[in-house]
Amino acid sequence: MYIKKLPQEPIVQLFNAILSLQTKEECAAFFDDLCTMNEIKAFVQRLEVARLLKEGNTYIDIQIETNASSSTITRVKKLLDYGSNGYQTVLKSIETSVKS
């Protein structure tokens, strides 16, 4: 949704960089260099909010468990319902890898 509004060459370069990572250690090192601690915390929080929403947890329970604001939870819910299916794809992949 928003990504299409950005210059595509740098976006493709970023995506290719992420896709080139082969281990969790490489991924951790790259994101450690790329992002601030607060940015990483925000990514982690949003993904956890998405997982908890998908499991059917209430907003109050999610706020208590993640310390996410109601606006963050609402935004993630909106993207789960009407976004580009990114959360669903990742959550399904995580669920599959945990079961394996």
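## Starting with Lys 77

With a relative accessibility of 32%, Lys 77 counts as partly exposed. That makes a handy way into this predicted model, since Lys 77 takes part in a salt bridge with Asp 81. The closest N and O atoms of Lys 77 and Asp 81 are 3.3 Å apart. You'll find both residues in helix H5, which covers residues 70–82. They sit four residues apart there, or about one turn of the helix. Asp 81 is partly exposed too, and its relative accessible area is 42%.

## A network of three

Salt bridges with shared partners also tie Glu 48, Arg 51 and Glu 55 together into one network. How many salt bridges does the structure hold? The count is three.

Let's take the network link by link. Glu 48 pairs up with Arg 51, and their closest N and O atoms are 2.5 Å apart. These two belong to helix H3, residues 37–54, where a spacing of three residues separates them by about one helical turn. Arg 51 also forms a salt bridge with Glu 55, this time with the closest N and O atoms 2.6 Å apart.

How open are these residues? Glu 48 is partly exposed, at 24% relative accessibility. Arg 51 falls into the partly exposed group as well, at 30%. Glu 55, on the other hand, counts as exposed, with 52% relative accessibility.

## The overall build

Now step back and look at the chain as a whole. Its secondary structure is made up of six helices and zero strands. Follow the sequence along and you get the pattern α-α-α-α-α-α. Measured out along the principal axes, the box filled by the C-alpha atoms is roughly 40 × 35 × 25 Å.

The chain has 100 residues, and 16% of them count as buried. What about contacts between parts of the chain that lie apart in sequence? Taking the contacts with a separation of 6 or more, 37% come from residues 24 or more positions apart.

## Where H3 meets H5

The two helices that host the salt bridges described above also pack against each other. H3 and H5 meet at an angle of about 65°, and their axes are 9 Å apart. Which hand does the crossing have, left or right? H3 passes H5 in a right-handed crossing.

On the H3 side, the contact is made by Gln 45, Arg 46, Val 49, Ala 50 and Leu 53. H5 brings Thr 72, Ile 73, Val 76, Lys 77 and Leu 80. So here is Lys 77 again, part of this contact and also the salt-bridge partner of Asp 81. Sort the residues of the contact by character and you get six nonpolar, two polar and two charged.

## Cysteines without a bond

How many disulfides does the structure hold? There are zero. The sulfur of Cys 27 has its closest cysteine sulfur in Cys 35, but the distance is 9.7 Å, which is too far for a bond. Looked at from the other end, Cys 35 is in no disulfide, and its nearest cysteine sulfur is the one in Cys 27.

The surroundings of these two cysteines can be described as well. Cys 27 is partly exposed, with a relative accessible area of 31%. Cys 35 counts as buried, at 12% relative accessibility.

## Two asparagines in loops

Finally, have a look at the backbone of two asparagines. Asn 67 has a phi near 65°, a positive value in a residue other than glycine. Where is Asn 67 in the chain? It lies in the loop between helix H4 (59–66) and H5. Asn 67 is exposed, with a relative accessible area of 67%.

Asn 85 has a positive phi as well, near 70°, and it is likewise a residue other than glycine. Its place is in the loop between H5 and helix H6, which spans 86–99. Asn 85 is partly exposed, its relative accessible area being 45%. Put the two loops together and they frame H5: one lies between H4 and H5, the other between H5 and H6.

Definitions and conventions
Residues are numbered from 1 along each chain as its sequence is written. This is a predicted model: local features need pLDDT of at least 70, side-chain atom pairs count only at pLDDT 80 or more; totals for chains, interfaces and linings use all residues. Side-chain values use heavy atoms; hydrogens and water are left out. A salt bridge is a side-chain nitrogen of Lys or Arg within 4 Å of a carboxyl oxygen of Asp or Glu. Buried means under 20% relative accessible area, exposed over 50%, partly exposed in between (1.4 Å probe, protein chains only). Axes are lines fitted to C-alpha atoms, for helices over the stretch in contact, and angles run from 0 to 180 degrees between N-to-C directions. A crossing is left-handed if the near helix is turned anticlockwise from the far one by less than a right angle, and right-handed if clockwise. Contact means heavy atoms within 4.5 Å. Ala, Val, Leu, Ile, Met, Phe, Trp, Tyr, Cys and Pro count as nonpolar, Asp, Glu, Lys and Arg as charged, and the others, Gly among them, as polar. A disulfide is a pair of cysteine sulfur atoms within 2.5 Å.
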